Amino acid sequence: MDKLPYLNSIFIEKGSENYRITQNLLSRYPWIKPKIVSAGSEAFWDLAKISADPIGEGKKRLFIGRQKGDFLKKCPGTKNMVCCNYYVLNLATQCSLDCSYCILQEYLRNNPALKVFCNIKDCFSEIEDLVRSRPNAALRIGTGEFTDSLALDEIAGFSNELVPFFLGRKNLILELKTKTTSIANLLKYDNASNVVVAWSMNPDAVIELEEEGAAKVKERVEAARECMEKGYRIAFHFDPVILYDGWEEGYKGVVDLIFRHIDARKIAWISVGGLRFRPSLKEVIRERFPKSRLLTGEHILGEDGKMRYLKSLRISAYRKIVGWIRAAAPSARVYLCMESREIWRKIFYMVPKCQEKPDLLFDGE
Ligand code: SF4
């Protein structure tokens, strides 16, 4: 497995001790004596006092508790951007990796401990309710919104619960999105073709500076190949695309590497999306990642309140990356993430329908 995520303390919400996920986690850190607490806040209240970097420090503290609200939420999308109609399954928040552009640095600013929900079985009844309410829809559900889907998988064992639940349910698609090679649990199952294992892709030049703790690009492709051979479908997300001197060579190299090792027919989809961030993240990046190249480009503020590269730069980068993908795999399902209708038209000469079936994302209107 990837290196065991470093933890220096574990907090367990009273009543959560006997869940299987809790026991999995505790068994991997036998040298840490867990503290039983009555609320999650006890795991993080002092972080800002004891550390100049509460976000970094929070990644070393694990809180295990029960999800008392909904596990499942419809992805809210972004104002005026094309929505890819996705449901988010929230099994954990915070992440053991440390990407300079990670939105969680802001989102979890006041609550930065790693949090794992142990009552995973309760999410299945929510999914079944959703299926009943939309019997004719193919539903796409992902766990990688508030954490990396697999970063904690080998210690928590989420996919040992998820994959058997999703296996054979033809109207459900589970997407696990990662930058790791933590696939040991996935390799126990065969032919889970409605489970899509997705890797975020960047050249090593970006990974080294901006994605601390993440696997190198070759390792990601090798893990994807192993999953493909077990019958999973694979996805790749060129997101966030980061422009730097030599980016063309870097991203072209990643595209070539993918298609040298992965059968294009086994790829469910590929997304491309430029770097975007709220202006307030700038300060966090400067403080936590002084060597980052994220802030060196020219960015403008969009209608959704996020900074992006100039439109002309984005269009030129998308055309090149989509062109390299299409040259290698002419029928690959490629989409843009969080981009406007105008940019979709410039790249694909069409705008996707808002879909009931994920396939319709790739049909134009
Ligand atoms: S892998 Fe994802 S969730 Fe984890 S730090 Fe990086 S961007 Fe954030």
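Angles under 35 degrees count as roughly parallel, those over 145 as roughly antiparallel, those from 65 to 115 as roughly perpendicular, and the rest as oblique. The structure is a predicted model, in which local features need pLDDT of at least 70 and side-chain atom pairs count only at pLDDT 80 or more, whereas totals for chains, interfaces and linings use all residues. Residues are numbered from 1 along each chain as its sequence is written, and side-chain values use heavy atoms, with hydrogens and water left out. Helices (H or I, at least four residues) and strands (E, at least two) are DSSP runs, numbered from the N terminus.

**View 1. Helix H12 packs obliquely against helix H13.**
Helix H12 (residues 311-328) and helix H13 (residues 341-348) pack at an angle of about 40 degrees, with their axes 10 Å apart; axes are lines fitted to C-alpha atoms, for helices over the stretch in contact, and angles run from 0 to 180 degrees between N-to-C directions. H12 and H13 are therefore oblique to each other. Their crossing is right-handed, a term for the case in which the near helix is turned clockwise from the far one by less than a right angle, an anticlockwise turn being left-handed. On the H12 side the contact (heavy atoms within 4.5 Å) is made by Lys 311, Arg 314, Ile 315, Tyr 318, Arg 319, Val 322 and Arg 326, and on the H13 side by Glu 342, Ile 343, Lys 346, Ile 347 and Phe 348. By class, this contact of H12 with H13 has 6 nonpolar, no polar and 6 charged residues, where Ala, Val, Leu, Ile, Met, Phe, Trp, Tyr, Cys and Pro count as nonpolar, Asp, Glu, Lys and Arg as charged, and the others, Gly among them, as polar.

**View 2. Helix H12 also packs against helix H10.**
Helix H10 (residues 247-261) and H12 pack at an angle of about 25 degrees, and their axes are 10 Å apart. The two helices, H10 and H12, are therefore roughly parallel to each other, and their crossing is right-handed. From H10, the residues that make the contact are Trp 247, Glu 248, Tyr 251, Lys 252, Val 255 and Phe 259, while H12 contributes Ala 317, Lys 320, Ile 321, Trp 324, Ile 325 and Ala 328. Sorted by class, the contact of H10 with H12 has 9 nonpolar, no polar and 3 charged residues.

**View 3. Helices H5 and H7 cross with a right-handed sense.**
The axes of helix H5 (residues 121-133) and helix H7 (residues 158-166) come within 11 Å and cross at roughly 25 degrees, which makes H5 roughly parallel to H7. Lys 121, Phe 124, Ile 127 and Glu 128 of H5 make the contact with Glu 161, Leu 162, Phe 165 and Phe 166 of H7. The residues of this contact divide into 5 nonpolar, no polar and 3 charged.

**View 4. An open sheet of 8 strands has mixed pairing.**
The strand order is S4-S5-S9-S10-S11-S13-S14-S18, and two strands pair if DSSP finds at least two bridges between them. Strand S4 (72-74) and strand S18 (334-336) are the edge strands, each of which pairs on one side only. From one strand to the next, the twist averages 25 degrees. Strand S14 (residues 267-274) and S18 run parallel and are joined by 3 bridges, with Ile 270 standing opposite Val 334 in S18. Helix H9 (residues 217-229) lies across strand S11 (195-200) and strand S13 (233-241), running at about 170 degrees to S11. Strand S13 is also the place of Pro 240, and the peptide bond from Asp 239 to Pro 240 is cis, with omega near 5 degrees.

**View 5. An open sheet of 3 strands pairs in antiparallel fashion.**
Here the order is S15-S17-S16, and the edge strands, each pairing on one side only, are S15 (276-277) and S16 (299-301). S16 and strand S17 (residues 307-309) run antiparallel and are joined by 3 bridges; the bridge partner of Leu 301 in S17 is Met 307.

**View 6. Residues surround the ligand.**
The residues around the ligand are Cys 95, Leu 97, Asp 98, Cys 99, Tyr 101, Cys 102, Leu 104, Thr 147, Asp 148 and Lys 179, a residue being near a molecule or strand if one of its heavy atoms lies within 4 Å of it. This shell divides into 6 nonpolar, 1 polar and 3 charged residues.

**View 7. Gln 94 has a positive phi.**
Gln 94 lies in the loop between strand S6 (92-93) and strand S7 (98-99). Its phi is near 80 degrees, a positive value in a residue other than glycine.
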